[in-house]
Amino acid sequence: MTDNRPLPDTSGFIQTGDASATHIEHAIGRFNLVNEGRIARVRDGLQPRQQQCFDLLPLLFHVNHHSLPGYSDQSDLPTGIAQYHPSEELLKTAQTVARGRMGKSLALIKPQLSALYLMGSSGSVGQAPGSDLDMWLCYDSHLSDQQIGLLQDKADKISQWAKGFNLEVHFFLMNAHRFQGGEQQSLTGEHCGSSAHVMLLDEFYRTAQVLAGNIPAWWLVPTAYENDYAATLHTLYRVGPITESSCTDFGAISALQAGEFIGAGLWQIYKAIDSPYKSVLKLMLLEIYARQFPNIHSLAHRFKDKVYRLQLSLDDLDPYVMLYQRIESYLLARDEHQRLDLIRRCFYFKVGLKLSKPTRAVNWRRELMDNLVRSWGWQPDKVKHLDNFRAWTIEEVISERRLLISELTHSYRFLTEFAAEHHSSHVMSQQDLLILSRKLHAAFDRRQGKIDFIRIGLDIDLSHERIRLYERASKQEPGTYLWAAYNRAIDDGSSPTPLKYAKGLLETLLWCHLNGLIAAHLQIPVFPAQKNVDEYEIRMTLAAMRQHLANPMPRIEGNSFHHPAILTQVLVFINLGRDPLHALSAKGLQKISARNNSLDFSNLRENLILSLDMVLINSWGEVVVERFIDQDALTKGLKSLLNRISKQARTGLPEINTVCHNQTRPAAIAQRVKALLLDALKALCTAHYPKNSRFVFSVSDQYLLFQANNRVMGYLTTDSLDELQHQLAQEQAEYSPVIFDRQFALEQPLWAELYDLHHQNCISLAFAIDRQEASFYLLDEQGSMLSFKQTFLNLATLLAPLVRFLKVTEHRQRRNIEAPHMPPRQIQCFQIVRTQQRVDLTKTQLSGLINQGRFISIQVNLDLSDQGGYEYQVVCQDKEFHSSILGDRLYNAIASFVLGLRGSGQRYPAYITDLALSEAAIENLPFAQDQTLHYVQLKLKLESRINEAMARL
């Protein structure tokens, strides 16, 4: 067998026909030489204490000792790395960490781990100081799920320990057998899940370094024989000296499916959120592979070919250098020099060396980059400008961001068109696709009001910019004014492009704050065109932003995207630039002046809310501003907020804060609006109350009733308490309590307390006696409220007929529904006692009153007529009266008959004792279901007409 015969049309030189152990050893020796060189480069980039931590990582998985990091007291924890033999020097280092408590020799263990690999940018020119280390910890296939869980716990503990050395290490548990079958971990912040199986393998094979354990079996198979990968390996194992147990086999780099380009592209665009320069490089590689499809010669194959050809220069085999050279050749061949210039900047920023800064310590990374930059023809001024990126102007940052997004968009569009051309869909799992879609939506969606972040993956300081805010008339929408941010003064003759514009001052100011443009400024020049914006108000608004909205925003954990976005924080700015003092009438000013500084809701009778700017922050890190103006700003803002939160899982409410800094009672207004929002959200968006709940509050001289209809929150506006009471009496599809905001409850304590005492499957009665008349409030089982008056003689005649009717009605309703296990409906009764200071509800016992008194039985059967009206059949002491026969004489006939039954001839009121609705009548009701409300309303209507007729006789 020979490994030096050139094969111009193939890659690799081992021919399986005459393979020998010697030639296999030579090939492995080359890979090991490169492997050792790369590991040395990794260690070269670490501090001495970090080197110590790095060296110990394999040993910590090889043994489970109580005095070493990552220890577990579980006896079935997998330990032992195949082929791993720690040196005496390393064991001495471990003794230092264990403070001498380790034994001098390690017990012989049957290995359950096959290898520990380092992969990614480590050991390459792309390994910047502080780069994290990605490691594949490979375990045997026979491990149980419990053992895998224990191994993951150990890996997490070791990662945490490494942080103490300022090393960020990520361990990914890998099963080579499952990987070959296409099984992947779920998507995480560092793992691409199912999005790019073959691309991940390509990156692994060209970057992997064996820290401990088996070599990758892929090393042994020349590129020319990968089409016959399994058979070639079998032959090599038979020849020796390598056996199957001494290799870890992730399989060959199979042909890329067209659909995998979409998954890999989506993954790289997601990674571009934090590292756009690195992602542009990898997206460009995907584009190159796609243009070669289906005959792709991957970078991993090129790496292996070079090793077989004895081209072992670490600089030439550097994964990032090979990546750049592949892209450079591609773009030069296509004459795309602008894209090549961007790619070179991407490469330069990914490496992270500042070549314009003099240094005494010249290492291999700097020498390599110096050579590359000279070959690009970059002048010192250009290098210096790139190195001083922290001082870039905002225009330069925006321009660079535009180029990056354009490149990302171009690459992904190309990959999408490629997949469509090959009639291939993505190969991602539905779960991973959903997570990636959510992340991309959060990062790149540009809907109205959403704050976009100017980030290009570099730590740029924009606080040196001198930002000015101008209000200017819109050229597209006459009569509309926009707020725009500029970094230079504007005179009458200049019209530069604004950095940001929006319909509200708050959104523009917030954009500047969250993008770090005003971090170092206490005062921002503001130039209004139509409204007077107080300098103090701007300063205080900016202070509130800094207090409640950190810059930069907190990092969003990856698992947040496993669920739909939910609002986590709401910050409401009230009356920014709009002082209600100027909008109030003289009469209104007198009212407010007379109330001094009280915080009662009457402060808002004149409606002091003229604008709301609601800043909404959700669990995906999105920041959106919604603006509401004019007299209904508060109502519209509340409706919008309720609809957003009501669609979320009822697990909790966002943090609510309100800010007001205008001249007219700012603290009182802010406190009142916050209280109202909290009351409304608790009532309509938490599990504390049913979903069909209603919420009532008042603004100015209007009363508003909020309720969801078909899962959309809406409201009704009423101009008086009588109109509001009429709305509260409307039928409900299901039990619907009414919750009053805290200030309304102070104004109408009776309604608030009555609804507070009411509950499902209950009838609540409250009555107040005023001489010969009693006023009733009735809440039925659905929460509908009915008020009416009755003649008062004594408690027995007042309550007994009504309570009996309610009980009979319940039995009728039970016959119409299937609820055999529903407990009997509770009837609770309260007497209303009013004093000058308060209103009390005193519970009235009904058990002794119900059986008192004898009443003439009047039963009513109600049906629909052919004309759609009601027809009545009234049975009074076995005497029947039909409305279809008697017509308008019905009530006189009943009244006359009742009077005839009374020996005394007294004309005290008659009471309906029973009422039945036909099926047709029930189906004609709004929700095709009968409530107690309907029966009582009909009872009162009929009783009124009978008693009026009785009075006329």
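This passage describes a pocket and a helix pair in a predicted model.

The second largest pocket holds about 1,100 Å³ of space. Its lining is made up of 37 residues. Nearest the centre of this pocket lie L482, P498, K500, Y501 and A502. Six elements each give two or more residues to the lining: the helices α15 (394-421) and α17 (505-514), and the strands β7 (468-473), β8 (481-486), β9 (500-502) and β13 (623-629). Helix α15 provides the largest share, with four residues. By class, 15 of the lining residues are charged, 14 are nonpolar and eight are polar.

The helix pair is formed by α8 and α16. Two packed helices are described by the angle between their axes and the distance between the axes. Helix α8 spans residues 258-271, and helix α16 spans residues 430-444. The two pack at an angle of about 40°, and their axes lie 10 Å apart. Angles under 35 degrees count as roughly parallel and those of 65 to 115 as roughly perpendicular; α8 is therefore oblique to α16. The crossing of α8 with α16 is left-handed.

On the α8 side, the contact is made by L266, W267, I269 and Y270. Helix α16 contributes L433, L436, K439, L440 and F444. Eight residues of this contact are nonpolar, one is charged and none is polar.

Note on methods
Residues numbered from 1 in each chain as written. Predicted model: local features only at pLDDT ≥ 70, side-chain atom pairs only at ≥ 80, totals over all residues. Heavy atoms only, no water. 1 Å grid on protein atoms, 1.4 Å probe; cavity = no way out; pocket = protein on both sides within 12 Å on 5 of 7 lines; lining within 4 Å. Points joined across faces, edges and corners; volume = space filled by probe spheres on them. Nonpolar A, V, L, I, M, F, W, Y, C, P; charged D, E, K, R; others polar. Axes fitted to C-alpha atoms, helices over the stretch in contact; angles between N-to-C directions. Parallel < 35°, antiparallel > 145°, perpendicular 65-115°, else oblique. Left-handed = near helix turned anticlockwise from the far one by under 90°. Contact = heavy atoms within 4.5 Å.
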